[in-house]
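Colleague: I would like to go through this model feature by feature. Please give the general idea where there is one, then the case at hand.

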Amino acid sequence: MTYHLTPSDLVATNVENVIEQLKQLLVSQVNKNLKLEEIDTDASILDDELGLDSIMVVEFIVLLEKNFGFTFAEDDLSMDAFASLQTLAAFIVHKNSL
């Protein structure tokens, strides 16, 4: 399943706000070696582009569930949702709009 920004269910400012929250979580709680201004919103979360190992990714998922108030279903844990911070933010906004 691919998550796209569509006018019908997503507002760009909400996605931008979520991206900023994701960056803050990454820098403050997941990988303190990251610098906020250096995070590329198009960088892959699951590849090594953000310097996250598998344990950090799991920690990040737990933080996402806690901070955004939902639980990832098994189908949600896909490469599509975690392709980048942009796609993850779109997924979170979509998930919270249900």
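Modeller: Start with one residue and its contacts in a model that is predicted. Setting aside neighbours within four places in sequence, N31 is in contact with L26, L50, G51, L52 and M56.

Colleague: Where does N31 lie, and is N31 buried or exposed?

Modeller: N31 lies in the loop between α1 and α2. Its relative accessible area is 7%, and the cut-off for buried is under 20%, so N31 counts as buried.

Colleague: How does D47 read by the same approach: buried, exposed or partly exposed?

Modeller: D47 also has its place in the loop between α1 and α2. With a relative accessible area of 42%, D47 is partly exposed. Its C-alpha atom is separated by 8.7 Å from that of A83, a residue 36 places away along the chain.

Colleague: Now the core. What is the general idea?

Modeller: In soluble globular proteins, nonpolar side chains tend to be buried together. Here, the largest nonpolar core has 30 residues, and those with the most contacts inside it are L22, L26, F60, L64, L88 and I92. The elements that give two or more residues to this core are α1 (12-30), α2 (54-68) and α3 (85-97).

Colleague: What does L22 touch, not counting residues up to four places away in sequence?

Modeller: With those residues left out, L22 touches F60, L64, F68, L85, L88, A89 and I92.

Colleague: And the aromatic rings: how should a pair be read, and how many aromatic pairs does the structure hold?

Modeller: A pair of aromatic rings is described by the distance of the centres and the angle of the planes. The structure holds four aromatic pairs. One of them joins F70 and F72, at 5.0 Å centre to centre with 65° between the planes, which is edge-to-face. Another is formed by F72 and F82; this pair is tilted, with 5.6 Å centre to centre and 35° between the planes.

Colleague: Which parts does the pair of F72 and F82 tie together?

Modeller: F72 and F82 both lie in the loop between α2 and α3, so their pair ties together parts that are 10 residues apart in sequence.

Colleague: Are these rings buried or exposed?

Modeller: F70 is buried. F72 counts as buried at 8% relative accessibility, and F82 is buried with a relative accessible area of 2%.

Colleague: Which residues form one aromatic cluster?

Modeller: F70, F72, F82 and F91 form one aromatic cluster.

Technical notes:
Residues numbered from 1 in each chain as written. Predicted model: local features only at pLDDT ≥ 70, side-chain atom pairs only at ≥ 80, totals over all residues. Heavy atoms only, no water. Core = buried A, V, L, I, M, F, W, Y, C linked by side-chain atoms within 4.5 Å. Buried < 20%, exposed > 50% of the residue type's maximum accessible area, 1.4 Å probe, protein only. Helix = DSSP H or I, 4+ residues; strand = E, 2+ residues; numbered from the N terminus. Contact = heavy atoms within 4.5 Å. Phe/Tyr/Trp six-rings, centres within 6.5 Å; stacked < 30°, edge-to-face > 60°.
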